[in-house]
Amino acid sequence: MQQSNNHHWAKQIPNSLNFSQEQVTLILGHSLRSQYQVLLASELPDHLQALVEQFEKKHASSSSSP
C-alpha cells in the first residue's frame, strides 16, 4: 500500500528542469565562488605545508647567495 502512494507522488515530479544559459552561468559561478572561498579559508594539509616550507627555505637561501 505504501509503495503505490510513493509511486503516485513520483509521477507528479517533472522529469527535467529547464534553465536558461544565464541561470546556469549564475548558479555555477555562485557555486564555484563559494567553493573557492572555502578553499582559501582552510589551512594547508601538513604534507603540503611541509613542501611549501622546503620551497621557501630553498628560495631564501638562493636569493641570499651572491
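In which helix is Leu 28 found? In this predicted model, Leu 28 lies in helix H2, which covers residues 21–41. The protein contains three helices and zero strands, and its elements follow the order α-α-α along the sequence.

Helix H2 is built from 21 residues. From its first C-alpha to its last, H2 reaches 30 Å, close to the 30 Å expected at 1.5 Å a residue. The helix is hardly covered, with a count of one buried residue among its 21. Burial is likewise reported for the whole chain: of the 66 residues of the protein, 2% count as buried.

The exposed surface of the protein amounts to about 6,800 Å², and carbon and sulfur atoms supply 59% of that area. Leu 28 contributes to a nonpolar surface patch of about 480 Å². The other residues that make this patch are Leu 17, Phe 19, Val 24 and Ile 27.

Confidence varies along the model. The average pLDDT of the protein is 83, and 74% of the residues score at least 70. Confidence is highest in H2, at a mean of 93, and lowest in helix H1 (residues 2–11), at a mean of 60. Where pLDDT is low, predicted coordinates should not be read in detail.

Conventions
Residues numbered from 1 in each chain as written. Predicted model: local features only at pLDDT ≥ 70, side-chain atom pairs only at ≥ 80, totals over all residues. Heavy atoms only, no water. Helix = DSSP H or I, 4+ residues; strand = E, 2+ residues; numbered from the N terminus. Buried < 20%, exposed > 50% of the residue type's maximum accessible area, 1.4 Å probe, protein only. Areas by Shrake-Rupley, 256 points an atom, 1.4 Å probe, with all protein chains shown as cover. Patch = residues over 30% accessible without salt bridge, like charges linked within 9 Å, V, L, I, M, F, W, Y side chains within 5 Å. Salt bridge = Lys/Arg side-chain N within 4 Å of Asp/Glu carboxyl O. Expected span 1.5 Å × (residues − 1). pLDDT = per-residue confidence, 0-100.
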